[in-house]
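Visitor: Hey, could you walk me through this one? I'm new to reading structures, so plain words please.

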Amino acid sequence: MSDLCITIKSIRTIKGVIEVRIFSCETHINHALDMFVAEQKTFPMLEELKEEEKLSTVCSYCENFALYIVANEN
Ligand SMILES: [Zn+2]
């Protein structure tokens with residue numbers, strides 16, 4: 001749990017709403033979902049990355065390319 005803050009790739013605040021986006025490979029998707037729920041106390045949206053994003057986005061938990069993005073609704 002102590003490394004939670006560095007596993008969330010990008011957080012920005014717009015009018016008090018915090019946007020959380022966690023990138024994950026196939027291996028870490030369950031972990032990413034667990035981390036999101038533990039931190040945000042709500043269920044995330046799970047989306048597949050677009051083809052061009054897959055090749056430029058790395059998993060938040062390892063060195064593999066990310067396949068999914070876990071984000072809160074907005
Ligand atoms: Zn991974």
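Guide: Sure, let's start with a term: a nonpolar core is a set of buried Ala, Val, Leu, Ile, Met, Phe, Trp, Tyr and Cys residues joined through C-beta atoms within 7 Å. Buried means that 20 or more other C-beta atoms lie within 10 Å of a residue's own, exposed means 12 or fewer, and partly exposed is in between, with C-beta atoms placed from the backbone. Also, this is a predicted model: local features need pLDDT of at least 70, side-chain atom pairs count only at pLDDT 80 or more, and totals for chains, interfaces and linings use all residues. Residues are numbered from 1 along each chain as its sequence is written.

Visitor: OK, so which residues make up the largest nonpolar core?

Guide: There are 11 of them: Ile22, Phe23, Cys25, Ala32, Met35, Phe36, Cys59, Ala66, Tyr68, Ile69 and Val70. Strand 2 (17–24), helix 2 and strand 4 each supply at least two residues of that core. In soluble globular proteins, nonpolar side chains tend to be buried together.

Visitor: What's the order of the elements along the chain?

Guide: Starting at the N terminus, they go α-β-β-α-β-α-β, which comes to three helices and four strands. Helices (H or I, at least four residues) and strands (E, at least two) are DSSP runs, numbered from the N terminus.

Visitor: How much of the chain is buried?

Guide: Of its 74 residues, 20% count as buried.

Visitor: Back to helix 2. Which of its residues are buried?

Guide: Ala32, Met35 and Phe36 are. Looking down the axis of helix 2, the buried residues fall within an arc of 100 degrees, so they line one face of the helix. That arc is taken from the directions from the helix axis to the C-beta atoms. Asn30, Asp34 and Ala38, on the other side of helix 2, are exposed.

Visitor: And Val37, why does that count as partly exposed?

Guide: Because Val37 has 13 C-beta neighbours inside 10 Å. Val37 lies in helix 2, which covers residues 29–40, and its C-alpha is 10.0 Å from that of Asn72, 35 residues apart along the chain.

Visitor: What happens just after helix 2?

Guide: Lys41 takes a positive phi of about 60 degrees there, although Lys41 is not a glycine. Most residues other than glycine have a negative phi. Lys41 sits in the loop between helix 2 and strand 3, and it is exposed, with 7 other C-beta atoms within 10 Å.

Visitor: New topic: where is Leu67, and what does it touch?

Guide: Leu67 is in the loop between helix 3 (51–54) and strand 4 (68–71). Leaving out residues up to four places away in sequence, Leu67 touches Cys25, Glu26, Glu48, Leu49 and Lys54. Touching, or contact, means that the C-beta atoms of two residues, placed from the backbone, lie within 7 Å. Leu67 counts as partly exposed because it has 18 C-beta neighbours inside 10 Å.

Visitor: Last one: which element has the lowest mean pLDDT?

Guide: Helix 1 (residues 4–7), with 46, while strand 3 (residues 45–48) has the highest, 95. pLDDT is the predictor's confidence in each residue, from 0 to 100. The chain's mean is 83, and 76% of its residues reach 70 or more. Over residues 1–7, pLDDT stays under 50. Where pLDDT is low, the predicted coordinates should not be read in detail.
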